[in-house]
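Colleague: Could you take me through the inside of this protein? I would like to begin with the core.

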Amino acid sequence: MKRKCLLILGDGMADEPIEALGGLSPLEYASTPNMDTIARNGRMGMLETVPPGFEPGSDVANLSVLGYDPALYYTGRGPLEAASMGVALAAGDIAYRCNLVTVRDGVMEDFSAGHISSSEGKELFTSLQNELDGVTLYPGISYRNLLVFHHGSGASSTPPHDIVGQPIRSYLPTGADADILRHCMEVSAEVFADHPVNLKRIGKGQSPATSIWPWSGGKTPTIPSFEERYGRSGGMISAVDLLFGIARIAQMEVITVPGATGYLDTDYEAKIRYALSALEDLDFVYVHVEAPDEAGHLGSLEEKVKAIERLDEVIGIALAEFDGIIAVLPDHPTPLRVKTHTSDPVPFAVLGKGQDESGSYSEREAEKGSYGLIRGPELLPLLFAE
């Protein structure tokens with residue numbers, strides 16, 4: 001008989017030893033009695049979610065965790081977010097993730113334009129669309145939006161969260177579509193300069209959206225459905241377009257949760273409650289929590305520890321109410337030292353598939369776990385093995 005499985009992913013939760021914490025990582029320092037219970041009563045290991053040669057993005061890492069080898073299936077972040085937004089790409093379309101950002105004096109100050117609201121972003125994009133030809137803009141959630149270049153060929157550009165505090169000149173788009181993308185960026189700077197949305201934000205002491213930043217473009221990937229791959233039904237809980245896009249392309253059920261924000265203030269308990277409810281009908285539910293990653297990008301030790309502890313609290317609900325396999329892990333590290341993603345392996349713990357000598361949930365404990373080091377696409381087959 002198939003056992004049901006709940007996978008809880010704290011985005012960017014892994015980190016490095018920090019001097020201010022006495023050489024402990026945030027996972028080691030935080031109070032995590034429920035994650036520790038999973039580790040102590042289960043088995044641990046390290047997961048390589050980012051294959052060699054790939055940028056350590058959440059797109060690559062989460063595809064990997066879901067069992068889709070990025071070397072075979074990854075085409076870019078943009079088309080995954082397009083799928084989430086219900087944007088159908090034509091044969092020649094290239095979809096780019098398109099941030100609203102704050103650039104001052106040629107330096108990337110804020111990759112999220114102060115976590116601008118979705119309604120403000122929509123106003124800015126509506127004004128910008130009127131000034132652009134050959135591309136279509138799709139407002140998304142907060143700073144996370146989409147730019148589709150019709151009859152495009154592709155371009156390379158750096159994720160804006162990787163260059164905070166750095167001059168942007170060396171990181172502007174390059175490649176076949178670079179000229180049109182740079183043109184769009186220049187026009188956005190002109191349109192946004194005295195836009196009412198930005199004037200209001202400045203008046204409130206908030207960061208303005210000074211321009212757009214398109215990155216990680218690609219065409220829609222073709223991947224087998226989750227059920228075809230595993231013979232099981234699956235669902236996705238998140239507040240991030242990227243994860244919903246992956247789920248839709250894999251034909252998983254997309255489960256929207258009121259109060260899930262994709263930020264530090266997300267409703268952790270609602271996500272777990274909805275997951276447990278969904279597991280009454282589904283075989284597998286993937287719960288993605290963005291907050292630890294956002295804290296990592298902010299470089300906030302306090303917020304990262306708080307996010308880890310809040311996630312641990314609601315894992316206690318799952319332990320009390322769910323009699324199946326539970327896995328907990330990050331998709332990639334987001335170390336506070338660098339404020340961005342790294343490609344280092346991440347610690348995972350599994351309850352319900354045997355027990356080893358792990359004593360707590362952390363990077364160091366996982367390195368000693370009985371699963372050893374495995375590749376990302378190997379995780380779900382391991383969980384589903386009878």
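Modeller: The following answers cover the core, one helix and the cysteines. This is a predicted model, in which local features need pLDDT of at least 70, side-chain atom pairs count only at pLDDT 80 or more, and totals for chains, interfaces and linings use all residues. Residues are numbered from 1 along each chain as its sequence is written, and side-chain values use heavy atoms, with hydrogens and water left out.

Colleague: Which residues touch the most other members of the largest nonpolar core?

Modeller: They are Leu-6, Leu-7, Leu-66, Phe-284, Tyr-361 and Leu-383, in a core of 84 residues. A nonpolar core is a set of buried Ala, Val, Leu, Ile, Met, Phe, Trp, Tyr and Cys residues joined through side-chain atoms within 4.5 Å. Buried means under 20% relative accessible area, exposed over 50%, and partly exposed in between (1.4 Å probe, protein chains only).

Colleague: What does Leu-66 touch?

Modeller: Leaving aside residues up to four places away in sequence, its contacts (heavy atoms within 4.5 Å) include Phe-226, Met-252, Phe-284 and Leu-380.

Colleague: Now helix α3: how many of its residues are buried?

Modeller: Eight of the eight residues in α3 (residues 58–65) are buried. Helices are DSSP runs (H or I, at least four residues), numbered from the N terminus. Gly-67, with a positive phi near 95°, follows α3.

Colleague: Changing topic, why is Cys-184 not bonded to Cys-98?

Modeller: The two sulfurs are too far apart for a bond, because 8.1 Å separates them, and a disulfide requires cysteine sulfur atoms within 2.5 Å. The structure holds zero disulfides.

Key: Helices (H or I, at least four residues) and strands (E, at least two) are DSSP runs, numbered from the N terminus.
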